[in-house]
Amino acid sequence: EKKTAEPAAAPTTEVTTAAPTTTAPTTTASASSTEKKVSFEDTQRVGREESGYINVPKDWATYQDKNTGSQFQFSSPDKYNVLSMNSYTKDSVKLASGETFGAELIANRLYDHWQNDKQQTSLQGSRAKFAGEDAYLMKIAFSDGKYMYEWVVQKGEKVYALAIEGTADTINSLRPILEQSFGLDPKTPGK
């Protein structure tokens, strides 16, 4: 019997709302003059109940890559920078003997996936904080010049995977917003 992460007929509610006007600290990983700082007042809250909610720049829009299935995606206007959000439940993951469902299992499976990706040129895994929770972070570089940061975090009985793919500048400027704003509340960043 094959189980899926979400029933085909499940109603989904997508939310995009203006965010509060508090400013998040920004960090820069390089001295790039093209890197722009992003504050909460320049973002919108997006997401859906099954994958969580997060803040992205106001000019980003719904996006769906034909190769990614049902995950929630938003992209920059040029579609080069893409945020993808997915969630896993114990019922949606096939466990091998001795495996325990949780963030570590999902992170290890995603790490193995990226390790075997032929376009990947660099892969680094580490522990991180994400939305106030202990999380796993994968930093990936690809042969086409794109980068990806993918966080795996558990909240309650669900494991969430959130990835931002694009330029290093975009990832570095959005990272603080993403890390602070992810949550399960459609209106309140970080909750």
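The accessible surface of the chain comes to about 10,400 Å². Carbon and sulfur atoms contribute 47% of that area. The model is predicted. The chain has 191 residues, and 45% of them count as buried.

The secondary structure consists of two helices and 10 strands. Read from the N terminus, the order of elements is β-β-β-β-β-β-α-β-β-β-β-α. Six strands thus precede a helix in this order, four strands follow that helix, and a helix ends the series. Contacts between residues far apart in sequence were also counted. Among contacts with a separation of 6 or more, 49% join residues 24 or more positions apart.

Strand β10 covers residues 158-166. Seven of its nine residues are buried, so the strand is largely enclosed by the rest of the structure. Strand β10 pairs with β6 and is also joined to β9. The pairing of β6 with β10 is antiparallel and spans seven bridges. Within it, Met-85 has Leu-162 of β10 as its bridge partner. Strand β9, residues 147-155, also runs antiparallel to β10, and nine bridges join the two. Here Val-153 stands opposite Tyr-160 of β10. Strands β9 and β10 form a hairpin with two residues between the strands. In this hairpin, Gly-156 adopts a positive phi near 65°.

Positive phi values also occur at residues that are not glycine. One of them is Lys-79, with a phi of about 65°. Lys-79 lies in the loop between β5 (72-75) and β6 (82-88). Strand β6, which follows this loop, is the strand that pairs with β10 over seven bridges. The relative accessibility of Lys-79 is 47%, so the residue counts as partly exposed; the cut-off for exposed is over 50%.

Ala-131 likewise has a positive phi, about 55°, although it is not a glycine. Its place is the loop between β7 (120-130) and β8 (133-142). Ala-131 has a relative accessibility of 13% and therefore counts as buried, the cut-off being under 20%. The two loop residues thus fall into separate classes: Lys-79 is partly exposed, whereas Ala-131 is buried.

Technical notes. Residues numbered from 1 in each chain as written. Predicted model: local features only at pLDDT ≥ 70, side-chain atom pairs only at ≥ 80, totals over all residues. Heavy atoms only, no water. Buried < 20%, exposed > 50% of the residue type's maximum accessible area, 1.4 Å probe, protein only. Contact = heavy atoms within 4.5 Å. Areas by Shrake-Rupley, 256 points an atom, 1.4 Å probe, with all protein chains shown as cover. Pairing = 2+ DSSP bridges.
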